[in-house]
Amino acid sequence: MVLNVNPKSRLFSPHFLVLPTLIYLAFFTGYPILYAINLALTGSPPALLQVITSPRLREVLFYTIMIIASVIPLQLIIAIFTSIFFLNRFKGREVVLYLFILPLAISEVAAALLWYTMLSSRGFLNKLLLELGIISKPIYFFGYEFRDRTLLAIVLTEIWRATAIVFVIIYAGLQMINKEYLEAADVFGFNFWQKLRYVILPLLKPSIQTALIIRTLFAFQIVGPIFILGGEYVRVMATEVVYWYSMRMNTYMASAWAILIGFIVLILGSLYIKLIKPVEA
Amino acid sequence: MRGLLASLLHEKNIQVEFVPLSYTDMAAKLEAEVTARAVTVSVVGGLATEIDYFASKGWLEDLARFGTLPGRTFVDTALRVVDEHKRLYGITSFIPWMTATFVIVVNNEAFKYLPEGLTREDVVMGTEKWTWDALVAWAKNIYEKTGERRVGLPAGAGGLLHRLLHGYLYVSYTGYQSKYFNSPEAVQLWTMLRELWKYCHPESTTWSAMAEPLLRGDVWIAWDHTARIIAAVKERPEMFTVVPVPRGPVGRGYIIVLAGLAIPKGAPNQDVAWELIEFLTRPEIQARIAENVGFFPVVKEATPVIVDPGVKKVSEGVSRQLATLDGKPVFIPMLGGRAGDFIAIYREAFERIVLKGEDISTVLAELEPKLKAIFAELNVPEP
Amino acid sequence: MRKTWIYIIAIFISLWILTPIIYTTIASFADARDYYERLIPRKYTLRYYEEYWRLGVSSALLRSIQVGLSTVAMSFLIGIPAGYAVGRLKFKGRDVIKVTILLFRVLPIVIIAVPLAVLFIRIGLYDTLIGVALIHTAIALPFVVLITSSIFISIPRELEEAGVVFGLSPLQVFVKITLPLATPGLAAAAMFAFLISWNEVVAATILSYLNRTLPAMVLTPYVMGTGGELPDPYKFAAATIMIVPALVFMAYIRKYLTAMWGAAGVK
């Protein structure tokens, strides 16, 4: 995998080739972070302090954790089981696989609108149940009174939309598992659950770790579905950033919330890396 | 708008270019052009509060020198603002152009469930019997007889609920929008609102406008800005009646949104600009503007000329609200960059008191200093 | 697994994915009053799409396309050399650099967007398409590098070495041999970058006001409010319009996806 580069053409030295990328990213990511930290620390008291001591913090953290803690484990489990499912050969498998990963390309805003169609008081689910006579009054999913159901709707939307991301990683990892291990397990008379626990999961660890890291970090950035489905009343950290910036015209508070997100994300990331030590299969 | 301007072209051979701009853009543009004495804009149309800002900066011509406009009487509330500007800035800074307010729209079905002591006439004409408490009783009656919560408020993101709070309820109960934010009368207000909320449609917290809920039949009694309900009344005029808002112990508080036309200082073609202003304030043209945008005529002669039945209904409702004897019209306070904070305080109060059920006095006491701080910082009297 | 169960699950998955999409698309063409009453609407209209056209969705659409194409162009210009280096060339610190590039994507866009907005206001890039495109490029860059690196890995070395034998300089080898062979994969990477830009909503909202891309415009309450401002089918039309490129992309990308993601994930 090595191409010996002609020393005469220094222009194509590898370091030079990656430099533009590094510079670009350093500027567009590094600079804003520093600036955001600066903004977050201005004000008297500093905006960051205001955020940490504000009574809203508890509520916001609650919703953020609720959503993320519901979505991620569910997505992981679904991804693992569907990966195993797709190992089966059946007619039309390609099509179903394609459909399952279709949401990969759909934006969070579009996905939220789709699920609004499904769950609104005049939406698909309610009309279906009404027509079948199962209910006589619509089930409300949106509205302050129905906050819990709104959370459910948001979780559902996220699972619909983003499980594919986890799935693709896990699925690829699954296909790399040496068939011999599974055959050996058959010889030993393992049933499905034993195979799962003693062979598949351990060998999937690296994929699971990758998937978890990527998924968690992206989960903190979800804004669209929460705004669209939850309105003003379901608040997570990411929506707070947009709220303070767009509706309150307050860049200090917005940055403070953003820095808080970055902080938590960094801690979680390091935790993941420490706790789930990668296993070289 | 462009259609109207086309007829002006036809009539007097005046070509008008219509450019919509946001307020901040407009202010920046005016400032730049007037100070540089290179004005390109002949007529400016904006909200009275915006024009107020422009006038205070000296960017507008005195329109008095163009004389009066015959054949039209402007409504009193509009003239009051013109006079106020004359007092403050020494000039006639603008000619009233159109007005809007927030009203109540009633699905005619609801009239079957009026409570004791309240008649349809009371509601439609805005008598002293049409109080907020009466509304609560009405809503309760509907709920008890039909099992449905049929009152709707635009409490969602992008909804104008806060205007109801500071411009309608607070004025009706305390006489002021903010001055007595925390007072026994305010406590009364919030108690009433809590009671009303019990009979409000639970999806209200997702609504930014009431037109659709009204049309769907989910809501029978709705409060909202004229522009946000007009679609409903236009589509099904026979289904609705537009009525004045109820009154509180102190009076019938409501907000007037006024838009006017002004000429920037040093603008080109000022005589022609005046012709445009004349055109836009003609009763027939005023009527046609109303049909299009959900803002209403400021010229008394205009209303009878409105053709669209739905728009006519809304216009009648608005006129009646403006004509109530105990009416206490107020204007939205102009707070520049702090407006967002002002609104947030009222919305927070709503969320904590009505939605979460926190103790009224505690919340008001906690929020009041923040409110006062805004006015102190801007050095303006509390509205 | 028994065959019947397999088919049942397969059908369930298909319905789970398809129902929201199909129903929303149908609903976007349905007359609002009819839609509210019935499960399957009977009256249809193009009205909402027409209204959208009037309201400026067409401009927002155009802007999204422009930003998307700029993003692809810029991220390719900057990222392909890096992808080539990381994938093909062995050099000191390659793995560290690879991880670092990925790390830059780790931080939420929200953090990045606000300070950049303030900066852009100062230097006059606020509310411009190029400003949004610059941010989108920063977001897409790590992916482009990663994807192109795995594409270049899969190109047979023999062909490149053959080029050297024929007297081509490294650059000529790259342009005349490597690139053409990589084209299908690069096309996929381009679509990926385009989609990232097309779907991106947070930065686009924060960094623009009048000149909004499609998702940003949809997120503003005027069009968005699940509130009563506009009948529901408007939202459905918006969703449908946004989804169409996604469907096209996915049809094309099917083959490459598992390979790409597989290579990126298991490392």
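In chain A of this predicted model, 71% of the contacts with a separation of 6 or more link residues that sit 24 or more positions apart. Its secondary structure is simple to list: there are 12 helices and zero strands, so reading along the sequence of chain A just gives one α after another. The C-alpha atoms of chain A fit in a box of roughly 75 × 65 × 35 Å, taken along the principal axes. Of the 281 residues in chain A, 44% count as buried.

Helix H8 of chain A, which covers residues 179-187, is a spot with hardly any cover: zero of its nine residues are buried. Just after H8(A) comes A:Gly189, with a positive phi of about 80 degrees.

Chain C is built from helices too, with 13 of them and zero strands. Read along the sequence, then, the pattern of chain C is again a run of α's. Buried residues account for 51% of the 267 residues in chain C. As for contacts in chain C with a separation of 6 or more, 75% of them are between residues 24 or more positions apart.

Where the two chains meet, 81 residues come from chain A and 76 residues from chain C. On the side of chain A that touches chain C, helix H1 (residues 14-40) gives the most, with 15 residues. Sorted by type, that side of chain A holds 58 nonpolar residues, 19 polar ones and four charged ones.

How values were computed: Residues numbered from 1 in each chain as written. Chains lettered and ligands numbered in written order. Predicted model: local features only at pLDDT ≥ 70, side-chain atom pairs only at ≥ 80, totals over all residues. Buried ≥ 20, exposed ≤ 12 C-beta atoms within 10 Å, placed from the backbone. Helix = DSSP H or I, 4+ residues; strand = E, 2+ residues; numbered from the N terminus. Contact = placed C-beta atoms within 7 Å. Nonpolar A, V, L, I, M, F, W, Y, C, P; charged D, E, K, R; others polar.
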